[in-house]
Amino acid sequence: MKLAARVSQVKPSITLTISAKAKAMKADGIDVCSFSAGEPDFDTPDHIKAAVKQALDAGKTKYGPAAGEPLLRQAIAKKLQTENNLPYSAENVIVTNGGKHALYGLMMTLIEPGDEVIIPAPYWLSYPEMVTLAGGTPVFIDATAANHYKITPEQLRNAITEKTKLFVFNSPSNPTGMVYSPAEVAAIAQVLVEKQVLVVADEIYEKILYGTAEHCSIGSVSADIFPLTITCNGFAKAFSMTGWRLGYIAAPLELIKGMTTLQSHSTSNVCTFAQYGAIAALEGGLDCVQAMLTAFRKRREVMLGAVHALPQVSCPTPDGAFYLFVDIQAYGLDSLKFCQRLLHEQQVAAIPGVAFGNDYCIRLSYATDLETIEKGMTRLDKFLQTLSI
Ligand SMILES: *Cc1c(COP(=O)(O)O)cnc(C)c1O
């Protein structure tokens, strides 16, 4: 069968390939330590589940408005105003099937053939594919380990051309866990204002922060950047709701109208009763998030300690999310080969950095229990000893 060219130009996900292999090994009874998870391992908090049960009993089972339940759009606008200092109103919000589909809808609404979209690398693997699907051209800026995997304002300025339509900004970052400080965010914003370039801020990890790290929404740093900003977020990471498929974008009205038209002919509204879980998440306070953070904090400490004890690897200390991005280039294997052998020889699943645009590193997720972290890191140490440098 001849498929549309649009699909054949997109790469299948390497992440899913490794995860599928690890799952198949587990199903065969093999003791695999998986550091490949891109999602929190906690259950969704009870008060959120209770709200959905109530919504079901109240008959919230019908079609709803394509852009989302009015009550949820209001709750999201209020959250963005109070927590992020972003003056959006409910009509500036569209509820989508996860943060991923929010970004997909955005690219489809905004990007045309010839448009360039600037993406700092390492990047979340779906960004470039979505840009390509929309007919645009991804343009990468290499963020170096020496600069803690953050780009500089100069790098951004140099990458902007007259074709630049959008800049993708993800802090805290997947895969590196790096967090831009408020001053760094302001400096990036200044370049965007100067060049009048739109920015989409993917803030899905905003609540998962360590030490003194602070999340700063780029749209909040000045009155000039706000109209150029598209803010993307969701419920998956902060509230452990990955399977619910609930995300959103807040942006200037014109864009939300365009995205809503597209959504009205594609997915229509997000599952109506699930949206009542999202309202409960926003109105239920952040104690449940704190409880998850306490666990993440401990796991991060243990995994970082183990990584720092490994010979010939390096990893700048991340301030957010639940990943370590570990440089393994001293061992002379490309990242895919490294991860394939690690899985095969020591039954540890990690994601090759090449999936995120950096072939020198691997991504280790600590969204798993401490016992697995300790056992898996001991195995990783053994694996390194078998590789001669
Ligand atoms: C997980 C993730 C998302 C969105 O996830 P959804 O499950 O679609 O809400 C978006 N951006 C990044 C960087 C992520 O890691």
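Helices and strands are DSSP runs, numbered from the N terminus, a helix having at least four residues. The legends below describe a predicted model.

**Figure 1. A nonpolar surface patch involves Leu 3.** Leu 3 is found in the segment that comes before α1 (5-8). Together with Met 1 and Val 7, Leu 3 makes a nonpolar surface patch of about 410 Å². The relative accessible area of Leu 3 is 54%, so this residue is exposed.

**Figure 2. The second largest pocket is lined by residues that include Leu 71 and Glu 283.** This pocket has a volume of about 160 Å³. Two elements, α4 (70-84) and α10 (272-283), each give two or more residues to its lining. The largest share, seven residues, comes from α4. By character, the lining residues divide into three nonpolar, two polar and four charged. Lys 79 and Glu 83, both among the lining residues, are also linked with Glu 206 and Lys 207 in a network of salt bridges.

**Figure 3. Asp 31 and Arg 379 form a salt bridge between their side chains.** The N to O distance is 2.6 Å. Asp 31 lies in the loop between α2 (14-27) and β1 (33-34) and Arg 379 in helix α13 (residues 370-386), so the pair ties together parts 348 residues apart in sequence. Asp 31 is partly exposed, at 41% relative accessible area, whereas Arg 379 is buried, at 12%.

**Figure 4. Glu 345 and Arg 341 form a salt bridge within helix α12 (residues 335-346).** Their side chains meet at 2.8 Å, N to O. The two residues are four apart in sequence, about one turn of the helix. Glu 345 is partly exposed, at 34% relative accessible area, and Arg 341 is partly exposed, at 28%.

Conventions:
Residues numbered from 1 in each chain as written. Predicted model: local features only at pLDDT ≥ 70, side-chain atom pairs only at ≥ 80, totals over all residues. Heavy atoms only, no water. Patch = residues over 30% accessible without salt bridge, like charges linked within 9 Å, V, L, I, M, F, W, Y side chains within 5 Å. Areas by Shrake-Rupley, 256 points an atom, 1.4 Å probe, with all protein chains shown as cover. Salt bridge = Lys/Arg side-chain N within 4 Å of Asp/Glu carboxyl O. Buried < 20%, exposed > 50% of the residue type's maximum accessible area, 1.4 Å probe, protein only. 1 Å grid on protein atoms, 1.4 Å probe; cavity = no way out; pocket = protein on both sides within 12 Å on 5 of 7 lines; lining within 4 Å. Points joined across faces, edges and corners; volume = space filled by probe spheres on them. Nonpolar A, V, L, I, M, F, W, Y, C, P; charged D, E, K, R; others polar.
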